[in-house]
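Me: I am new to reading structures and would like some practice. Please pick a single part, look at it closely and walk me through it in one connected answer.

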Amino acid sequence: MYKPTKRDRDTDIYYNQSSDPVQVRTNDPKLIRKLTALSEEFPELCQLTEKDEFCGSYFTVDKRRISIQVTRPFSEERRKKQSEWAKENGIGTLPKTLKICEKSD
């Protein structure tokens with residue numbers, strides 16, 4: 001059986017503003033699992049329509065379930081502020097009661 005490399009794990013989303021639903025073709029195993037779970041739980045919103053011999057899966061998805069997010073990079077100032085806030089609120093740090101094993105010689 002064919003196993004796609006990371007380079008082969010591509011996704012195509014066929015979307016236009018005038019029609020519903022959206023067509024999704026993907027070789028990404030993680031996305032396939034998510035869309036398969038969505039199709040099993042909400043078959044009126046997502047359907048697995050086809051599988052091909054190269055591990056690709058084709059889904060028809062309700063347009064309202066697809067979102068593309070474009071994010072701007074953090075400025076250095078914003079990154080520092082967020083880092084300080086996280087440190088002050090104990091986010092991303094180990095609890096003081098947890099001891100880290102030290103490397104012995």
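Reply: Let's start with a term we will need often: a residue is buried if its relative accessible area is under 20%, exposed if it is over 50%, and partly exposed in between (1.4 Å probe, protein chains only). This is a predicted model, in which local features need pLDDT of at least 70 and side-chain atom pairs count only at pLDDT 80 or more, while totals for chains, interfaces and linings use all residues. Residues are numbered from 1 along each chain as its sequence is written, and side-chain values use heavy atoms, with hydrogens and water left out.

The part I have picked is the set of salt bridges, and a short tour of the chain will help you to place them. The chain has 2 helices and 4 strands (DSSP runs numbered from the N terminus: H or I of at least four residues for a helix, E of at least two for a strand). Reading from the N terminus, you meet these elements in the order β-β-α-β-β-α. Of the chain's 105 residues, 17% are buried.

Now look at how the strands line up. Two strands count as paired if DSSP finds at least two bridges between them. Strand 1, residues 11-14, runs antiparallel to strand 2, and 4 bridges join them. One of these pairings puts isoleucine 13 with valine 24 of strand 2. Strand 2 is also antiparallel to strand 4, here with 5 bridges, and glutamine 23 stands opposite threonine 60 of strand 4. That threonine 60 is a bridge partner of glutamine 47 as well. Strand 3, residues 46-51, is joined to strand 4 by 5 bridges, and these two strands run antiparallel too. Strands 3 and 4 make a hairpin with 5 residues between them, and in its turn cysteine 55 has a positive phi of about 65 degrees.

Strand 2 deserves a second look, since our first salt bridge ends there. Strand 2 covers residues 22-26, and 4 of these 5 residues are buried. A residue of strand 4 helps to show the surroundings: serine 57. Serine 57 counts as buried because its relative accessibility is 3%. Its contacts (heavy atoms within 4.5 Å) include Val24, Arg25 and Thr26, along with Ile32, Leu48, Glu50 and Lys51, leaving aside residues up to four places away in sequence. Keep Arg25 in mind as we turn to the charges.

Side chains of opposite charge can pair when their charged atoms come close. The structure holds 5 salt bridges, each a side-chain nitrogen of Lys or Arg within 4 Å of a carboxyl oxygen of Asp or Glu. In one of them, the side chains of aspartate 10 and arginine 25 meet, with 3.1 Å from N to O. This pair links distant parts of the chain: aspartate 10 belongs to the segment before strand 1 and arginine 25 to strand 2, 15 residues apart. How covered is each partner, aspartate 10 and arginine 25? Aspartate 10 has 34% relative accessibility, so it counts as partly exposed. Arginine 25 has 9%, so it counts as buried.

For other examples, move to helix 2. Helix 2 spans residues 76-88, has 13 residues and reaches 18 Å from its first C-alpha to its last. After helix 2 comes glycine 90, with a positive phi near 70 degrees. Inside the helix, glutamate 76 and arginine 79 form a salt bridge whose closest N and O atoms are 2.7 Å apart. These two residues are 3 apart in helix 2, about one turn. Glutamate 76 is partly exposed because its relative accessible area is 46%, and arginine 79 is partly exposed because its value is 41%.

Another pair in helix 2 joins lysine 81 to glutamate 77, with the closest N and O atoms 3.4 Å apart. Lysine 81 and glutamate 77 are 4 residues apart in helix 2, so about one helical turn separates them. Lysine 81 has a relative accessible area of 52%, so you can call it exposed. Glutamate 77 is exposed as well, because its relative accessibility is 55%. Back at the strands, Asp10, Asp12 and Arg25 are joined into one network by salt bridges that share partners.

Note on methods. Expected span 1.5 Å × (residues − 1).
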